[in-house]
Amino acid sequence: MIAAAVSTSMLLHPAPAVAGQTGIQKCLNGRQPDVSVPFTQLGGGNDGFPGGPNPPNGIFPGNALHVVVNESAKVSISNWNTEFYGIDGKNEAATSGYPFPGWKKYANFFRMNNNPGGWVASGNDSNPWNPHFLRELNIERCWAAPALPVRMGVGMNDDNIGDNSGSWRWTLQIWRND
């Protein structure tokens, strides 16, 4: 009988597998965002991510979002008016005829939408039709994406954006899942 000698120096010990991180984990760990998209929202008009007509979903479960706002960028609510507002709008409730009656006039709002499913609840609000102040994404360091793939629509709560001037400037940051 022949005995085989095994050298322990020849045995390979595999490195433990490292699981990928979610976007939330990466954000909380202080990593750089995977996506950084600058926006110039002319006259507070409508915009969104991803861009274009009827875009696909571009934000996914586990992703984290944050917005960096250029606080000096303002929008005037009419060509003849000298009322300029930042993304927080005017501290006055909008009336009927505005996109979001009862919410702040001239504020910048966003909502999440699943293509093709429709509006999706997000943040701490369980009502998928309610808007969110864009400021939420600025205050929250790592805002959690909804539990469904979504796209984000952004717009001003104004009954006539056609006579506005100026622009809001902000950057959407996204941390993606590994």
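Long-range contacts dominate the picture here: in this predicted model, 75% of the contacts in the protein with a separation of 6 or more are between residues 24 or more positions apart. The secondary structure adds up to 2 helices and 11 strands. Read from the N terminus, the order is α-β-β-β-β-β-β-β-β-α-β-β-β. Of the 178 residues in the protein, 42% are buried.

Next comes the inside of the protein. The largest nonpolar core has 29 residues, and the members that touch the most others are Ile59, Met112, Met152, Trp170 and Leu172. Five strands each put two or more residues into this core, namely S1 (35-42), S3 (64-69), S6 (108-114), S10 (151-156) and S11 (165-175). S11 contributes the largest share, at 4 residues.

Met152 is a handy spot from which to look around this core. Setting aside neighbours within four places in sequence, Met152 is in contact with Ile59, Met112, Trp170 and Leu172, among others. Those four partners, like Met152 itself, belong to the group of core members that touch the most others. The rest of the contact list for Met152 takes in Asp47, Gly48 and Phe49, then Phe110 and Arg111, and also Leu137.

Strands S6 and S10 turn up again at the largest pocket, where each supplies at least two residues of the lining. That pocket holds about 240 Å³ of space. Its lining runs to 14 residues, and the ones nearest the centre are Asn46, Phe100, Gly153, Val154 and Gly155. S10 is the top contributor to the lining, with 4 residues. By character, the lining splits into 8 nonpolar, 3 polar and 3 charged residues.

What about a polar side chain away from the strands? Ser122 sits in the loop between strand S7 (118-120) and strand S8 (132-133). Despite that loop setting, Ser122 counts as buried, because its relative accessibility is 5% and the cut-off for buried is under 20%. The side chain of Ser122 makes a polar contact of 3.0 Å with the side chain of His132. Beyond neighbours within four places in sequence, Ser122 is in contact with Met112, Trp143 and Pro146 as well as His132. Met112 thus links back to the core, being one of the members there that touch the most others, and Met112 is also on the contact list of Met152.

Methods:
Residues are numbered from 1 along each chain as its sequence is written. This is a predicted model: local features need pLDDT of at least 70, side-chain atom pairs count only at pLDDT 80 or more; totals for chains, interfaces and linings use all residues. Side-chain values use heavy atoms; hydrogens and water are left out. A nonpolar core is a set of buried Ala, Val, Leu, Ile, Met, Phe, Trp, Tyr and Cys residues joined through side-chain atoms within 4.5 Å. Buried means under 20% relative accessible area, exposed over 50%, partly exposed in between (1.4 Å probe, protein chains only). Contact means heavy atoms within 4.5 Å. On a 1 Å grid over the protein atoms alone, a cavity is a set of points where a 1.4 Å probe fits but cannot get out, and a pocket is an open set with protein on both sides within 12 Å along at least five of seven lines; lining residues have an atom within 4 Å of a point. Grid points are joined across faces, edges and corners, and a volume is the space filled by probe spheres set on the points. Ala, Val, Leu, Ile, Met, Phe, Trp, Tyr, Cys and Pro count as nonpolar, Asp, Glu, Lys and Arg as charged, and the others, Gly among them, as polar. A polar contact is a pair of N or O atoms within 3.5 Å; within protein, one must be able to donate a hydrogen and the other to accept it, and residues adjacent in sequence count only if both atoms are side-chain atoms.
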